[in-house]
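Good morning, colleagues. I would like to use this short slot to discuss charged side chains, and then some loop residues, in the structure now to be shown.

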Amino acid sequence: MADFLDRGQQNPPGQGGLPPASQKALKDATITDTASREAVETQRKKDEFQPRVAAICCNWCTWSSLDEAGVAGHKFPAEVAVIRTLCSARIEPRNVINMFREGLDGVFVGACDKGSCHYLSGTNLAQKELGQLMEVLTSPSIGFKGRLKIGFFVGREGPLFARALTEFVEDVRRVGPSPLNTNPTYRGREAPKPAEVAKPSGKDEKRLVEVEDV
């Protein structure tokens with residue numbers, strides 16, 4: 001019992017049975033929040049525009065797909081910040097707007113596949129709510145098309161989830177910074193002018209997962 005209690009005082013905790021060399025190797029291999037932020041900041045310092053993207057995942061099919069992607073080693077861009085919610089229907093449109101105002105360039109919503117929602121009508125309600133939001137934000141003066149998308153997953157589709165996020169980040173990168181970004185501390189340099197933003201290549205590539213504008 002004493003050994004179990006002493007583990008809480010160790011640094012890192014719970015590794016009293018490992019030799020010092022193994023403890024150091026394990027600590028060096030552990031990815032901390034600081035290291036993750038440093039990796040993202042290093043990418044942002046490059047000349048290429050690095051978008052900030054949020055992926056809002058439902059607690060069921062999408063989260064299990066995210067878990068599968070991590071276990072199988074399917075990587076997705078470091079610019080993606082994952083947010084977990086009980087159901088995609090609980091996403092408030094006003095919160096999505098606030099995300100863009102605080103510096104996000106794109107929001108990806110992961111929902112259960114149509115007809116497979118654990119709450120029956122959650123996916124349909126999410127589509128309705130986000131669709132109404134897009135009607136407000138897709139005016140030509142804002143140029144918001146392509147920044148808010150929804151993907152449908154059946155569950156434990158790690159490769160498809162990673163592929164969908166990667167494609168979405170590349171789409172947002174081509175569109176450029178969000179016109180709703182009012183956060184002065186997000187970027188240290190001026191956003192590229194509309195004429196300088198790279199346009200999509202126009203290639204009609206077949207996607208592995210259904211991803212659509214809401």
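This is a predicted model, and within it the count of salt bridges comes to six. I shall discuss several of these pairs in turn.

Let me begin with Asp67 and Arg156, whose side chains meet in a salt bridge with an N to O distance of 3.9 Å. Asp67 lies in helix H4, residues 61-72, while Arg156 sits in the loop between E4 and H7, so this pair ties together parts that are 89 residues apart in sequence. As for accessibility, Asp67 counts as partly exposed because its relative accessibility is 40%. Arg156, at 48% relative accessibility, is likewise partly exposed. The backbone of Arg156 also deserves a remark: its phi is near 55°, a positive value in a residue other than glycine. The loop that holds Arg156 runs between strand E4 (148-153) and helix H7 (158-175).

Helix H7 itself contains two further pairs. In one of them, Glu170 forms a salt bridge with Arg173, and the closest N and O atoms are 3.1 Å apart. These two residues are three places apart in helix H7, which means that about one helical turn separates Glu170 from Arg173. Glu170 has a relative accessible area of 32% and is therefore partly exposed, whereas Arg173, with 13%, is buried.

The other pair in H7 is Asp171 with Arg174, a salt bridge at 2.3 Å, N to O. Here too the partners lie three residues apart in helix H7, about one turn of the helix. Asp171 is buried, with a relative accessible area of 12%, and Arg174 is partly exposed, with 27%. Returning to the wider arrangement of charges, salt bridges that share partners join Asp67, Glu68 and Arg156 into one network.

I now turn to an arginine without such a partner. Which side chain of opposite charge is nearest to Arg147, and how far away is it? The residue is Asp105, at 4.8 Å; Arg147 is buried yet has no salt bridge. Since a salt bridge requires the nitrogen and the carboxyl oxygen to be within 4 Å, the pair does not qualify.

What, then, does the side chain of Arg147 reach? One partner is the backbone oxygen of Asp105, at 3.1 Å. Another is the backbone oxygen of Gly176, which lies 2.8 Å from a polar atom of the Arg147 side chain. Arg147 is placed in the loop between H6 and E4. Not counting residues up to four places away in sequence, Arg147 touches a set of residues including Phe100, Val107, Phe168, Val172 and Pro177.

Finally, let us consider the loop between strand E3 (106-112) and helix H6 (122-137), where Tyr119 is located. With Trp60 and Leu86, Tyr119 makes a nonpolar surface patch of about 260 Å². Tyr119 counts as partly exposed because its relative accessibility is 36%. Leu120 is found in this loop between E3 and H6 as well. Is Leu120 buried or exposed? At 74% relative accessibility, Leu120 counts as exposed. Its phi is near 70°, a positive value in a residue other than glycine.

To close, I would draw your attention once more to Arg147, which is buried and has no salt bridge, and to Arg156, which shares one network with Asp67 and Glu68. Thank you for your attention.

Note on methods:
Residues are numbered from 1 along each chain as its sequence is written. This is a predicted model: local features need pLDDT of at least 70, side-chain atom pairs count only at pLDDT 80 or more; totals for chains, interfaces and linings use all residues. Side-chain values use heavy atoms; hydrogens and water are left out. Patches are made of residues with over 30% relative accessible area and no salt bridge: like charges are joined within 9 Å, nonpolar side chains (Val, Leu, Ile, Met, Phe, Trp, Tyr) within 5 Å. Accessible areas come from the Shrake-Rupley method with a 1.4 Å probe; for residues, only the protein chains shown count as cover. Helices (H or I, at least four residues) and strands (E, at least two) are DSSP runs, numbered from the N terminus. Buried means under 20% relative accessible area, exposed over 50%, partly exposed in between (1.4 Å probe, protein chains only). Lys and Arg count as positive and Asp and Glu as negative; His and the chain ends are not counted. A polar contact is a pair of N or O atoms within 3.5 Å; within protein, one must be able to donate a hydrogen and the other to accept it, and residues adjacent in sequence count only if both atoms are side-chain atoms. Contact means heavy atoms within 4.5 Å.
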